[in-house]
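Reader: I would like a close look at one helix in this model. Please walk me through its faces, its ends and its surroundings, and then set it in the context of the whole chain.

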Amino acid sequence: MRLSRYFLPVLKENPSEAQIVSHRLMLRAGMIKQASAGIYSWLPLGFKVLRKLENIIHEEQARAGHIAIQMPIIQSADLWRESGRYDDYGQEMLRMKDRHDRDMLFTPTAEELVTDIFRGHVSSYKDLPLTLYQIQWKFRDEIRPRFGVMRGREFYMKDGYNFDLTKEDALHAYNRHLVTYLRTYERMGLQAIPMRADSGPIGGDNTHEFLVLAETGESEVFYDSAVTDLTFGDRQIDYDSREQCQAILEEFTSKYARTDETHDEALFNQVPEERRRVARGIEVGQIFYFGTKYSEAMGATVQGPDGKPTPVHMGSHGIGVSRLIGAIIEASHDDKGIIWPEGVTPFHCGIVNLKQGDDEADAACDKLYGALTALGLEPLYDDRNERAGGKFATMDLIGLPWRITVGPRGLKNGVVELTCRRTGESEDLSPEAAVTKVAEIYEQIA
């Protein structure tokens, strides 16, 4: 993409309504625009990052054998009355009536709807296990939407639902989801710590939230600092292996890590004092096992091996896709702007032409642009007739991990400048070597 042809409405001044870093930088970088309180339009740069996160989630869900579907954003209230949650959910649920005076609602979550799909099409234990998921817009009418996409009313979410014959099978699905989430977050450049949490209106006894440590987090968290040394890495997992999935759950959840809702001071005091930490965290996902809560209420049964109808055991698993963008920025920025991890950057590399209109500089930039594109990378070429300082400020603000700077002086010596956004370190390389190095960096994270 050439910046002269792109829609990137960056702001020079800090928006007065933005209270936290991610909200401020997303507005300044032209990623979002507020439509009304807690509701945003996603502009091209923000939309590209949203799609990057979505693709990673789809890939990891497919790796675990989970199946994507798409459910509507408007649901019938009848299903929620059937489960008993319609009156219990509270004012966060946006309720409405259609022209036939039928009670409807804007989806805050989809346990009822997916259970209705299941009971209409699955009747035998031989069709289990089954995990269905979607990535869809949701709405919760927050009383005080704030912090941009971190606590908005409309949000983009991955929600998955497992159906299993027994509790043991369903707990394996729970463990399997924990593994997929660890992989997903690490691919996004995040360390998201699974913490024992409260199930809230979803229900169930087994639940973990995944939290990213950040000063602006809405949750107070208590943890053993040893959990921050754990990484999933590139290990290969057989998702059908109960032993492997259980071992990973134990590895990542055996050390103390809890939100304030489930904090146990006595247990926390058993952690060596030098490793006790109290901090703030941003929730970016949660997994639940809630047994037969919905299947019994809604008649979601299968014929068991003994020929008798058996209510299925269920769980749900969510990732806040849109709020993840805010969490990544909160965890990865400096005073100049965003610093995207390579796995989620909207463009792989920026190209800055220091002397637009100079035949040699223009030709060199065009050649770099073509070479990077030919390798399957997406460069953003700043070909505007702007001063160099303004171009650098824009690139720093939008946070692309790598920048190639091209100017007449360097070209006389046969070099361009390759700069790492995270460290600020630069090196002079031939144009061909700069392209090769950028390509190798992304090959390593593919």
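**Helix α10 and its setting**

Author: Start with the outer face of α10. Turned away from the buried side of the helix, it carries the exposed residues Asp359, Lys367 and Ala374. Keep in mind that this is a predicted model.

Now the helix itself. α10 runs over residues 359-374, 16 residues in total. From first C-alpha to last it reaches 22 Å. That is close to the 22 Å expected at 1.5 Å a residue.

Next, the inner face. The buried residues of α10 are Ala361, Asp362, Ala364, Cys365, Leu368, Tyr369 and Leu372. They cover an arc of only 165° around the axis, which puts them on the same side of α10. What covers these buried residues includes strands and helices. Among the strands are β19 (349-353), β20 (379-382), β21 (402-406) and β22 (416-420). The helices include α12 (408-412) and α13 (431-445).

Both ends have something to show. At the start of α10, a side-chain oxygen of aspartate 358 comes to within 3.2 Å of the backbone nitrogen of glutamate 360. After α10 comes glycine 376, with a positive phi near 85°.

One salt bridge involves a residue of β20, a strand that helps cover α10. Aspartate 382 pairs there with arginine 384, the closest N and O atoms being 2.9 Å apart. Aspartate 382 has 0% relative accessibility and counts as buried. Arginine 384 is partly exposed, with a relative accessible area of 22%.

That pair belongs to a wider set. The whole structure holds 29 salt bridges. Take arginine 183 and glutamate 60, whose side chains meet at 2.7 Å, N to O. Arginine 183 lies in helix α5 (residues 167-187) and glutamate 60 in helix α2 (residues 44-63), so the pair ties together parts that are 123 residues apart in sequence. Arginine 183 is buried, and glutamate 60 is buried too. A network of salt bridges links Glu59, Glu60, Arg63, Arg183 and Arg187.

Another pair is glutamate 112 with arginine 85, again at 2.7 Å, N to O. This salt bridge links distant parts of the chain, 27 residues apart. Glutamate 112 sits in helix α4 (residues 111-121). Arginine 85 sits in the loop between α3 (77-83) and β5 (94-97). Both residues are buried.

Helix α5 makes a useful companion to α10. Its 21 residues should span 30 Å at 1.5 Å a residue, and its end C-alpha atoms are 30 Å apart, which agrees. Of those 21 residues, 15 are buried, so α5 is largely enclosed by the rest of the structure. Just after α5, glycine 189 takes a positive phi of about 80°.

A polar contact leads from α5 to a strand. The side chain of arginine 176 meets the side chain of threonine 131 at 3.2 Å. Threonine 131 belongs to strand β7 (residues 130-139). This threonine is buried, with a relative accessible area of 5%. Leaving aside neighbours within four places in sequence, threonine 131 is in contact with His66, Ile67, Tyr161, Asn162, Arg176 and His177.

A few backbone features deserve a check. Most residues other than glycine have a negative phi, and most peptide bonds are trans. Leucine 128 and proline 129 are joined by a cis peptide bond, with omega about 0°. Proline 129 is placed in the loop between α4 and β7. Aspartate 101 is not a glycine, yet has a positive phi of about 65°. Aspartate 101 is found in the loop between β5 and β6 (103-106). At 54% relative accessibility, aspartate 101 counts as exposed. Phenylalanine 147, also not a glycine, has a positive phi of about 65°. Phenylalanine 147 is in the loop between β7 and β8 (154-164). Its relative accessible area is 22%, which makes phenylalanine 147 partly exposed.

Finally, the whole chain. It has 13 helices and 23 strands. The radius of gyration is 24 Å, close to the 22 Å that the globule rule gives for 446 residues, so the chain is as compact as a globular protein of that length. The C-alpha atoms fill a box of roughly 80 × 55 × 45 Å along the principal axes. Buried residues make up 53% of the 446. Among contacts with a separation of 6 or more, 71% join residues 24 or more positions apart.

How values were computed: Residues are numbered from 1 along each chain as its sequence is written. This is a predicted model: local features need pLDDT of at least 70, side-chain atom pairs count only at pLDDT 80 or more; totals for chains, interfaces and linings use all residues. Side-chain values use heavy atoms; hydrogens and water are left out. Helices (H or I, at least four residues) and strands (E, at least two) are DSSP runs, numbered from the N terminus. The expected span of a helix is 1.5 Å times one less than its number of residues. Buried means under 20% relative accessible area, exposed over 50%, partly exposed in between (1.4 Å probe, protein chains only). The arc is that of the directions from the helix axis to the C-beta atoms. Contact means heavy atoms within 4.5 Å. A polar contact is a pair of N or O atoms within 3.5 Å; within protein, one must be able to donate a hydrogen and the other to accept it, and residues adjacent in sequence count only if both atoms are side-chain atoms. A salt bridge is a side-chain nitrogen of Lys or Arg within 4 Å of a carboxyl oxygen of Asp or Glu. The radius of gyration is taken over C-alpha atoms; the globule rule is 2.2 Å times the number of residues to the power 0.38.
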